[in-house]
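This report looks at how two chains meet and then at a single residue. Please keep the sequence and the structure in view while reading.

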Amino acid sequence: MTKSIFSAGSTLTRRTALKGIAAGATLIASPYVLRAAEGGTIKLGAPFHRTGIGASYGRWYERVAQAAVKLINEGGGINGKQIEMIVEDDGTDPKRGTEVIEKFATEYKVDAIFGHLFSHVVAAAGSRAGELKVPYLVCSEGHQLASGALNRYTFQPGITDVKSQVSSMAPWVAKNLGKKVTMIFPDYAFGHDHRDYFSAAIKAQGGEISALIPIPPTESSFTRYFPQIPSETEVIYHVMVGPAVLTFVKELGDHFGSTRPQIFGFIDSLEAVDLATPQLDYLEGTYFWEAYPRYAQANQTAFDKFYREKVGVDQNGASTSDPKDISTYSHMFSVWETLFVIKQAMEMAKYQGPDQKKDFIVALESLEKFPESNEHPQGEKIFNGKTHQVFGKQNISKVENTKLTVVHTTSIEDGMYEPEVDYTKMDL
Amino acid sequence: MSRAIIRRNVILLALVLAGLFLMQFVVPEYYVLTITRMMALAVFAIGYNILLGYVGLLSLGHAMFFAAGLYGAGLASYHLGISVPLAFLGGIVAALILAAAIGFVALPTQRVSFMIVTLMFSQVGFLMTLYFAGATGGQDGLSLPHAARSISLGGWTLDLADGVVRFNLAFGLLLVALAVSFFLLVSSRGRIFSAIRENEGRTEMLGFNTFAAKLEAFLYSGTIAGAAGAAYGLLFGYIGSTFASIQYSIEVLLFTLLGGAGTLLGPLVGVALMMTMIDRLSEWTTAYLLVVGVVLIALVLWFPKGILGTIRERWLPWLM
Amino acid sequence: MGLGPYLFLAILEGLVQASVLTVTAVGLSLVFGVMRVVNVAHGEFFMLGAVFAWFVSNLLPDHPALGFIAALIAAPALVGAMAYASDRLILKRLNYDPEATIVATIGLLYVFQQSALIFFGPDARAVEPPFYFKIRFPWFGYDGYKLFIILAAILLMLGIWFLVKKTRIGLLMRATQLDRETAQAFGINVDNVSAYVFALGAMLAAVAAVLVVPIQQAHYLMGLDPLLLSFIVVIIGGLGSIQGTVVAAILIGLSDGILSVFFSPTLAKMVSTLLVALVLVVRPHGLFGKAER
């Protein structure tokens, strides 16, 4: 609540006076006046899920972020300043996540926060970040941002959202796999999003939902749910996340045997899981959504090669130092691309410090396109400055010989939908 | 309890509260925020302490009362647009009703059964927040709109997003909770509670209606916990299922035991210590929970009565 | 699938879950009964059993059957040793004070859980079952290994029953449970008994985990659910009563499976949890429990 001492009518308590003097001193000391070549860093707060249910993702997010930060710093940093990334664990917990945001904003006084994934943490932390007026860049794929539930300080420029992902799948599924779909999904927000968006999208393609089977998130055995799948089902759509996915696949196999409907899933179920695991044999010949193909494809771009080399991932999407350590390839690129977006916007705004937060936000909102490049290896993207959400291509891959081969790539337009909010109209 | 002892404790209490109040002018902004959270959670622990420390009943499901307050206030504000003071009251009333219902049903059970019954009811509460996700937002929860987070008093508007306003509101609540706690302790009620804690059978034989006394304590406990929840939701603007989960029931137990169950200021000390530990440790190592575990074990081996409890036992017998 | 076969499937699934739950819960029940302590870390012993099973079977990657047998021996042994140490070093020094024990075991929970995160990692990892065997019922196929779990649990329970009722060790345990002071007066080293019982309880949880890990995967957070469920089972069944625990485990394992055939899973969980609470309200000592002396 600082009023600048330059504005008329400010109440000059000792506290505001001190802050005002500090602000003045910063202004005077800033490079615009003194032309200090070094001094000061760009501080980025990174509340990764190092522990808790998001830990598999959090670890990879951290690795990718460190690789990107190193690359940017080697290239001279942002506007001549090196990036200092401050990582704190949030335990994948909304309460702790919010506390960490407060810490970044008030103790470390970071320039921006990035890297949250799980939607319930984003929901809590995002609104707090908005109150504290800290730019908060989400690496999540949740639709909360684009639906208007967050605020003008929140952005998701590095990864598409679930509504976009799911609805872009429907045309291909309806045309190639079948029109009668049974959906199996976890019975909470993430699963409900899939249920709602895909149901709408498949109906728009002339298809129908044969059955909806919600499963409690902590369920460990699925056999008793499969009899609910109607026999006329043509496609089973599954997005089971959590440690039980191996059991899910195995029991699915036990249930259907060799005469099975088509099966389409989201790779979310199998991030950080090795497809060559024997329990996953049954997935052979089934299809998966992938944001970013885990296995290097025949038409691998130079950008993908570069990215893999920098983050330490091999042709199979596993860590180069441990082939059993599978990465979360369809999600972690969000961190990489977000960091480069931060760089791009900060350079546009000639950002030097937190007093230019608003310039930074406006610069972010003015971005429109990201070409496929080393900075955006997942693919070309279109950014909507009003909804703060980016749109990109999605892939459909087939499991062949325990590897994933891309069979279809959507266009960016396939995943677009009517904007639901205009954050630019809100005050900063 | 003699006058002299009461006087000493009042002085101590006043000093602690004054110190806490003055912190907002002295410490950096981040600590003002964390202390605000600590105060709100300390109220939760104070409520819990009434049941555990004073009467000797260990509930493993107190998160349900915190959640009742949280959701009572939060949902009233979010869906019905009710003003903050009324929503706060709504949260308290919700917790009170829940405490009455659960207390009636759970109190007749014996020690370990009581723990499990409270745990079970709390789980049902948690599952309900997930089941009625349409209204509650489920696991993602709901963020209260900014407009709903201000209080209009006469000509003034207090913005709940402002750190100073928040700190003082939380402080006020803490003050009230400590006062209630204090008066319970010095009153005849307090003596019945301790009698029940020491030996329920004997107390009953002496002609006291132990069930009524336990229920009364349960009501105080649940309502204060609910007030903490309502405050937390309104002050920080977020309600979610996590707060109704077992984790929070265990955390409040930890806070209370650490600080010293049955002491007046124990809950506050416990909250402050645990939160600071976690906050500082997580800067240094990912394995901070492991260190917390080790510290807990160490504390319980050498300070089993909690910090203030041990101090009371060894050095300051007059400490309430 | 018709309702009949569907129910049959639900019952089979329920029995598998009940088997694992029974073994785990009996471990907790023994500890409750003899030592009168609440071990909040019981679920972590379960998790450690699964984690150690993974480590052991990973040493023998081409021989799943051998790996499994090795795990079945090594994992409970390791977990038992850790439990024994925990009791001697920590719980004994607390004189088994109820509240102090809870805090200490919560501390142990954090220590074990985070250690697993550090050494095992955050991912779920699979263990191969010792054999693949499919039973073809007229209406559906069923994994033979699951039936093996039920069988193993029955054998284990018979073994425990024999141990407690018919052996000298069991006699010592029952005496300590009935009246600790008198037992001590009779020259029984009750502290030793406590340590061994604590180890035995942990070992049972570990064995249950080794049995279930081929169908469930090992994950560092997997201990919470078994802990909750074991608590429920032990209290419903009655403190210290093994047959009560077994009956309650079967009831709860089955009801969860059958209820979710008719209701949405979340609702089914709510209903079964509420039922549990109400049973306790009506019969505060559990179904088979006797009042504490």
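In which helix of chain C is the place of M82(C)?

## One residue of chain C

In this model, which is predicted, M82(C) has its place in helix α3 of chain C. Because its relative accessibility is 27%, and buried would require under 20% while exposed would require over 50%, M82(C) counts as partly exposed.

Leaving aside residues up to four places away in sequence, M82(C) touches L48(C), F52(C) and F112(C). One of these, F112(C), is 30 residues apart from M82(C) along the chain, and the C-alpha atoms of the two are separated by 10 Å.

## Where chain C meets chain B

The contact between the two chains involves 37 residues of chain C and 33 residues of chain B. About 3,400 Å² of area is buried between them, and carbon and sulfur atoms give 87% of this area. Of the area that chain C buries against chain B, V103(C), Y110(C) and M270(C) supply 17%, which is more than any other three residues supply.

## What the interface is made of

Between chain C and chain B the count of salt bridges is 0, and the number of residue pairs found in polar contact across the interface, with both residues at pLDDT 80 or more, is also 0.

On the side of chain C that touches chain B, at least two residues come from each of α3 (64-91), α4 (98-120), α9 (224-237) and α11 (265-282) of chain C, and the largest share, 14 residues, is supplied by α4(C). Sorted by character, the residues on this side of chain C comprise 27 nonpolar, 7 polar and 3 charged.

Note on methods: Residues are numbered from 1 along each chain as its sequence is written. Chains are lettered from A and ligands numbered from 1 in the order in which they are written. This is a predicted model: local features need pLDDT of at least 70, side-chain atom pairs count only at pLDDT 80 or more; totals for chains, interfaces and linings use all residues. Side-chain values use heavy atoms; hydrogens and water are left out. Contact means heavy atoms within 4.5 Å. Buried area is the accessible area (1.4 Å probe) that two parts lose on being put together, summed over both. A salt bridge is a side-chain nitrogen of Lys or Arg within 4 Å of a carboxyl oxygen of Asp or Glu. A polar contact is a pair of N or O atoms within 3.5 Å; within protein, one must be able to donate a hydrogen and the other to accept it, and residues adjacent in sequence count only if both atoms are side-chain atoms. Helices (H or I, at least four residues) and strands (E, at least two) are DSSP runs, numbered from the N terminus. Ala, Val, Leu, Ile, Met, Phe, Trp, Tyr, Cys and Pro count as nonpolar, Asp, Glu, Lys and Arg as charged, and the others, Gly among them, as polar. Buried means under 20% relative accessible area, exposed over 50%, partly exposed in between (1.4 Å probe, protein chains only).
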